[in-house]
Amino acid sequence: ILMVGAIVAVFCGYLVVLLAGAAFAVAARRQQRSLAVAGSVGASRGDVFRIVVLQGTVLGTLGGMVGAAAGVGLAALFLRVTDNGAVGTFWGAWGLHVPWWLLAGIVVFAVAVGTIAALVPARTATRGDVLGALRGARRPARLNPKRPLWGLLLMILGLAGTVAGGLGIAALNLQKPIDYGDPLRTIALWAVVLAPIVFQIGILFAGHWVLAGIARVASRLGMAPRLASRDAAASPSRVIPAFAAIAVCVFLASFVLSATAGPPAASAR
């Protein structure tokens, strides 16, 4: 149960970081003038960085506490509604027991996710000219020539890790009897879980170049595709995380469908 919960937590945390990161990027851009005012009266870049990061920390704390409270309340309601009064059942014998230490860990995880989601927008907010920010000027997004190379490297590592983890689990399954407590099986399982995330982080690194290439092609298809693709390429901080979040959802859906199709196929065989 803890292994499955950890896997779900990893993917949920990654998805929330993408969505919240895009939201924080938009919020930091809207706060551009107020942050510039703070910088004009003596606030350093570190102060501006901490302002944006603490916003993520506060929201992560509030979200974790509200989510934990709502989860406990819904669990109590579920047990109360489904309790049939029988002593030998799960409800009558044990009832509701709240794992406080586990809930505390979940709240800490939520705080960490909120803080991590605000790191990149906070770093972006520290760049730029104070006078230009006071005027409301915005710098155009520039392509970094090194990011596609790093993105390609991460995609290769992610693909290799996924294949290696899958082949490792398949090889361990050939052993009779199967040792589910083997540390190599745990390593292979986490490779299958984490390597696709590394692959998608590689796509994030190369995402701006992908958007720029799509804009060049779409500019020949008409006015609407040209404006839409150019707007996407001009705002990579809020477009790329949304694109990656969609990719995560599709990955999770395909993973769940493939995993749940295994037992029925084995039974039919």
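**Exercises: helix packing and core**

The axes of H1 and H5 come within 8 Å and cross at roughly 40 degrees. Axes are lines fitted to C-alpha atoms, for helices over the stretch in contact, with angles from 0 to 180 degrees between N-to-C directions. This is a predicted model: local features need pLDDT of at least 70, side-chain atom pairs count only at pLDDT 80 or more, and totals for chains, interfaces and linings use all residues. Residues are numbered from 1 along each chain, and side-chain values use heavy atoms, without hydrogens and water.

**Exercise 1.** Classify the crossing of H1 and H5, then list the contact residues.

*Solution.*
- H1 is oblique to H5, because angles under 35 degrees count as roughly parallel, over 145 as roughly antiparallel, 65 to 115 as roughly perpendicular and the rest as oblique.
- H1 contributes Ala9, Gly13, Val16, Val17, Ala20, Gly21 and Phe24 to the contact (heavy atoms within 4.5 Å).
- H5 answers with Phe109, Val113, Gly114, Ile116 and Ala117.

**Exercise 2.** Find the buried residues of H5 and what covers them.

*Solution.*
- Buried means under 20% relative accessible area (1.4 Å probe, protein chains only).
- Leu103, Val107, Ala110, Val113, Gly114, Thr115 and Ala117 qualify in H5.
- Their cover includes H1, helix H3 (45–82) and helix H6 (119–125).

**Exercise 3.** Which residues make up the largest nonpolar core, and which helix gives the most?

*Solution.*
- The core has ten residues: Ile7, Phe11, Tyr14, Leu15, Leu18, Val193, Ile197, Ala244, Ala245 and Val248.
- Helices H1 (2–30), H9 (183–218) and H11 (236–268) each supply at least two.
- H1 gives the most, with five residues.

How values were computed:
A nonpolar core is a set of buried Ala, Val, Leu, Ile, Met, Phe, Trp, Tyr and Cys residues joined through side-chain atoms within 4.5 Å. Buried means under 20% relative accessible area, exposed over 50%, partly exposed in between (1.4 Å probe, protein chains only). Helices (H or I, at least four residues) and strands (E, at least two) are DSSP runs, numbered from the N terminus.
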